[in-house]
Amino acid sequence: MAASQKHGVLYQLERLEAHDQRSARQQGGHQGQQGEETKLEAKILKLRKLRDELRTKVKLHEARARIPIANLEPYESLKNSEENLEMKLEKAKAFFQAFHLTGLSGKVTTKGVCICFNTAFEGNILDSYYVDVIIKKPLTIHRHSVPVFIPLEQIAAKYLETNFQHFMYSLSEHLNAYSGRKYQADQLQCGFSAFLARPLQRNPLCTLLSFTYTMDPSEESFPFCARLVYEDLTTTLPTSVTITYQGTAATPASWEDQRAVHETLFYKNALHKVFESFLKVK
């Protein structure tokens with residue numbers, strides 16, 4: 001009888017010990033999962049930036065493959081001989097022909113070249129901008145229509161003399177990204193104003209957007225506040241999204257799940273596409 005009781009006590013102690021060990025592992029696993037999620041978010045942001053850099057390299061490679069323009073040197077001083085001038089003009093024409101399909105075009109002027117940057121987003125043709133470059137040592141920008149808040153001077157200082165092709169691509173990326181962000185904000189403001197409590201707030205470069213919104217325009221309350229930040233000036237998707245709850249009432253039990261879903265939507269989709277998805281949910 002005593003042996004049976006002893007065996008029973010030991011058995012119970014072993015079960016309790018095993019249960020404590022499982023609980024400790026589960027708790028540690030939960031904390032580790034949160035740490036992994038934070039690391040994954042940081043990794044996602046780095047991969048997005050790498051993706052955009054690779055896209056630029058691919059575009060440059062494709063343009064080079066269409067027409068051999070490696071020998072084009074638009075920054076060299078033009079000689080006085082007519083033969084040399086004719087050669088330069090032919091190379092310049094080939095240069096612009098190679099880049100035509102990427103939204104870049106231009107024409108030779110009496111002093112250099114005039115480059116036209118045609119912007120687009122999701123197949124929609126948007127604004128066009130030009131930069132008039134004088135071809136002589138050093139290369140100089142004579143005039144342009146680039147918005148003042150685009151870092152044209154910094155891009156020119158970095159690439160205009162050393163890598164003219166990269167200057168064109170870098171400026172094109174900035175202009176296309178700006179046009180894309182502006183297009184999204186305009187679409188939200190014009191097409192989904194019923195979802196907004198008040199006009200959308202944005203800075204000139206459209207790198208900071210804030211608005212109060214609802215998922216259902218038939219409701220009177222606008223419980224969600226969004227703040228979207230675009231730290232990378234060459235992208236059309238935000239690098240930081242903050243969703244908060246508006247109102248004095250207690251936060252709904254499902255709030256955290258909704259907040260997480262909304263943040264993911266804004267990170268991965270164009271702004272107006274997110275509100276289109278709200279309509280589909282109804």
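**Exercise 1. Strand register**

Which residue in β6 does Gln-201 stand opposite? Place the pair in its sheet.

*Solution.* The model is predicted. Start with the pair itself: Gln-201 stands opposite Ser-210 in β6. Next, take the strands. β5 covers residues 201-202 and β6 covers residues 208-213. They pair in the antiparallel sense, over 2 bridges. Then look at the connection. The hairpin has 5 residues between the strands. Among them, Cys-206 takes a positive phi near 60 degrees. Finally, move on to the next strand. β6 is joined to β7 (residues 224-229) by 6 bridges, again in an antiparallel arrangement. Tyr-213 marks the register here, standing opposite Phe-224 in β7.

**Exercise 2. Overall layout**

List the order of elements along the chain, then describe burial and surface.

*Solution.* Count first: there are 6 helices and 8 strands. From the N terminus, they run α-α-β-β-β-β-α-α-β-β-β-β-α-α. Now burial. The chain has 282 residues, and 35% of them count as buried. Then the surface. About 17,500 Å² is exposed, with carbon and sulfur atoms supplying 54% of it. Last, contact range. Take the contacts between residues at least 6 apart in sequence; 46% of these join residues at least 24 apart.

**Exercise 3. A salt bridge between strands**

Find the partner of Asp-132 and decide how each side chain of the pair is covered.

*Solution.* Asp-132 forms a salt bridge with Arg-143. The closest N and O atoms are 3.4 Å apart. Locate the two ends: Asp-132 lies in β3 (residues 124-134) and Arg-143 in β4 (residues 140-144). They are 11 residues apart in the chain. Now apply the cut-off: buried means under 20% relative accessible area. Asp-132, at 9%, therefore counts as buried. Arg-143 has 47% and counts as partly exposed. The principle behind the pair is simple. Side chains of opposite charge can pair when their charged atoms come close.

**Exercise 4. Salt bridges within helices**

Compile the spacing and distance for the pairs Lys-182 with Asp-186 and Glu-256 with Arg-259.

*Solution.* The whole structure holds 6 salt bridges. Take α4 (residues 164-191) to begin with. Lys-182 and Asp-186 both lie in this helix, 4 residues apart, or about one turn. Their side chains meet at 3.3 Å, N to O. Both ends are partly exposed: Lys-182 has a relative accessible area of 28%, and Asp-186 has 24%. The pair also belongs to a network of salt bridges that includes Arg-202.

Now turn to α5 (residues 255-268). Glu-256 and Arg-259 are 3 residues apart in this helix, so about one helical turn separates them. Their N-to-O distance is 2.7 Å. Glu-256 is partly exposed, at 42% relative accessibility.

**Exercise 5. Nonpolar cores**

Which element gives the most residues to the largest nonpolar core? Trace the contacts of Phe-167 as well.

*Solution.* The largest core has 23 residues. Phe-164, Phe-167 and Leu-171 have the most contacts inside it. Check the contributors next: β2 (112-121), β3, α3 (152-160) and α4 each give two or more residues. Helix α4 gives the most, with 6 residues. Now take Phe-167, leaving aside neighbours within four places in sequence. Phe-167 is in contact with Ile-141, Leu-152, Ile-155, Ala-156, Tyr-159 and Leu-160. A second, separate core completes the picture. This one has 21 residues, including Leu-188, Phe-211, Ala-226 and Val-241.

Note on methods:
Residues numbered from 1 in each chain as written. Predicted model: local features only at pLDDT ≥ 70, side-chain atom pairs only at ≥ 80, totals over all residues. Heavy atoms only, no water. Buried < 20%, exposed > 50% of the residue type's maximum accessible area, 1.4 Å probe, protein only. Contact = heavy atoms within 4.5 Å. Areas by Shrake-Rupley, 256 points an atom, 1.4 Å probe, with all protein chains shown as cover. Pairing = 2+ DSSP bridges. Salt bridge = Lys/Arg side-chain N within 4 Å of Asp/Glu carboxyl O. Core = buried A, V, L, I, M, F, W, Y, C linked by side-chain atoms within 4.5 Å.
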